[in-house]
Amino acid sequence: MKLTGIELRRVAMPLVAPFRTSFGVEHARDVLLVRAYGPDAEGWGECVAMDEPLYSAEYVEGAADVIRRFLAPILSTVDNPEAHLVERAFAPIKGHPMAKAAVLTAVLDAQLRASGTSLGTYLGAVRPAVPSGVSVGIMDSIPELLDAVAGYLAEGYLRIKLKIEPGWDVDPVRAVRERFGDDILLQVDANTAYTLADARHLARLDPFGLLLIEQPLPEDDVRGHAELARVVRTPVCLDESITSARAAADAIALGACSIVNIKPGRVGGYLEARRVHDVCAANGVPVWAGGMLETGLGRAANVALAALPNFTLPGDTSASNRYYARDITRPFVLVDGQLEVPAAPGIGVDPDPDALTDATTSTEVLNLAR
């Protein structure tokens with residue numbers, strides 16, 4: 001396979017409703033797409049960095065700059081641009097996993113399309129569809145929250161995740177349990193909003209039989225999570241803290257988590273995401289697939305990842321209409337609470353030309369010719 005160029009494409013994706021977490025409110029996504037192409041190959045990747053460095057240190061404009069100034073020039077030096085070789089070539093560049101993941105996914109997609117292999121098959125998927133959960137943002141009121149949850153359950157989602165923060169935690173969880181009963185799979189996500197001093201307060205969530213509490217403390221406080229896990233009965237799940245397979249192994253060894261959320265963009269791509277999966281599986285720690293409000297391009301790849309054997313909990317792989325009135329690929333549709341794993345080569349989906357054109361705000365071509 002020969003690659004001759006990288007296209008950086010920005011698309012504007014309005015959300016169907018504002019999405020509020022402990023670190024801010026999103027009304028739309030400014031998405032950076034990466035297209036790797038050559039005479040006989042083309043592949044797509046999606047950068048999940050946000051507009052501002054709130055979830056992580058990365059942000060969209062910075063990711064584009066890293067790709068433009070560092071990653072594309074390195075890619076042009078790789079004689080055989082297969083994903084594992086490109087990943088190794090990118091290693092000297094410190095950090096920037098979301099930028100790396102976007103390029104690596106585009107390269108891997110092109111590689112797999114050229115060989116006629118689906119991403120699911122390449123990663124080791126074991127199921128044709130994956131159970132889907134939904135992430136519910138912080139609302140203005142509990143009645144509004146209950147209406148939203150009722151709607152998602154009616155659509156068939158198999159698990160509800162509530163975003164929480166100080167002042168919006170015990171009462172909304174109690175309200176959801178009282179309204180919908182103990183049978184629904186329910187979990188919460190704090191996005192680092194608490195400190196270890198809040199341990200006793202977080203223990204007030206224990207009576208509600210939650211699947212897990214996700215990333216309650218800052219991402220660099222792994223020891224704090226281990227101490228929290230000794231105070232609360234609710235299983236602790238790590239998200240932002242898990243930046244690599246090594247980080248996952250360390251967190252498990254310290255007792256900082258009993259469940260792991262895997263987001264490919266956060267760990268540097270699907271190759272490292274599979275390594276995180278394997279480390280967790282070897283240690284008996286279940287995993288699930290997190291989401292970053294991806295378009296259909298990113299969602300397709302996430303669904304393929306979520307079909308690996310140790311993904312035993314429903315993830316944030318929601319249907320397209322959960323976030324977008326019009327996606328840039330064919331929409332992912334919930335069927336009996338599950339999303340189908342794409343079976344076509346590569347990530348298994350292509351952009352809809354009209355939708356992509358309408359959403360595009362800018363394009364830039366980076367020549368890889370030496």
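**A walk from a loop residue to a parallel sheet**

At 72% relative accessibility, Asp336 counts as exposed, because the cut-off for that label is over 50%. This is a predicted model, and Asp336 makes a handy place to start reading it. The residue sits in the loop that runs between helix H12 (296–305) and strand S12 (338–340). Its backbone deserves a look too: Asp336 has a positive phi of about 55°, although it is not a glycine.

Asn191 makes a good companion to look at next. This residue is not a glycine either, and it has a positive phi of about 50°. You will find Asn191 in the loop between strand S7 (185–189) and helix H7 (199–202). Is Asn191 buried or exposed? Its relative accessibility is 3%, so Asn191 counts as buried; the limit for that label is under 20%.

Now go back to the loop between H12 and S12, which also holds Gly315. With a relative accessible area of 5%, Gly315 is buried. Which residues does Gly315 touch once its neighbours within four places in sequence are left aside? Its contacts are Pro131, Ser132, Gly133, Val134, Arg159, Trp288 and Ala289. Take Arg159 from that list: 156 residues separate Gly315 from Arg159 in sequence, yet their C-alpha atoms are 8.0 Å apart in space.

Those contacts lead us to the sheet. It is an open sheet of seven strands, in the order S5-S6-S7-S8-S9-S10-S11, with parallel pairing. Its edge strands are S5 (133–136) and S11 (287–289), each of which pairs on one side only. Strands of a sheet pair through backbone hydrogen bonds, in either a parallel or an antiparallel sense. Here S5 and strand S6 (residues 159–163) are joined in the parallel sense over four bridges. To see the register of this pair, look at Val136, which stands opposite Leu162 in S6.

Our last stop is Arg35, a residue of strand S2 (residues 24–38). Arg35 counts as buried, since its relative accessibility is 17% and the limit is under 20%. What does its side chain meet there? The side chains of Arg35 and Glu42 are joined by a polar contact of 2.7 Å. Beyond its neighbours within four places in sequence, Arg35 is in contact with Gly5, Ile6 and Glu7, and also with Glu42, Gly43 and Trp44. Glu42 therefore turns up twice around Arg35, as a contact and as its partner in the polar contact between side chains.

Conventions:
Residues numbered from 1 in each chain as written. Predicted model: local features only at pLDDT ≥ 70, side-chain atom pairs only at ≥ 80, totals over all residues. Heavy atoms only, no water. Helix = DSSP H or I, 4+ residues; strand = E, 2+ residues; numbered from the N terminus. Buried < 20%, exposed > 50% of the residue type's maximum accessible area, 1.4 Å probe, protein only. Polar contact = N/O pair within 3.5 Å; in protein donor to acceptor, adjacent residues only side chain to side chain. Contact = heavy atoms within 4.5 Å. Pairing = 2+ DSSP bridges.
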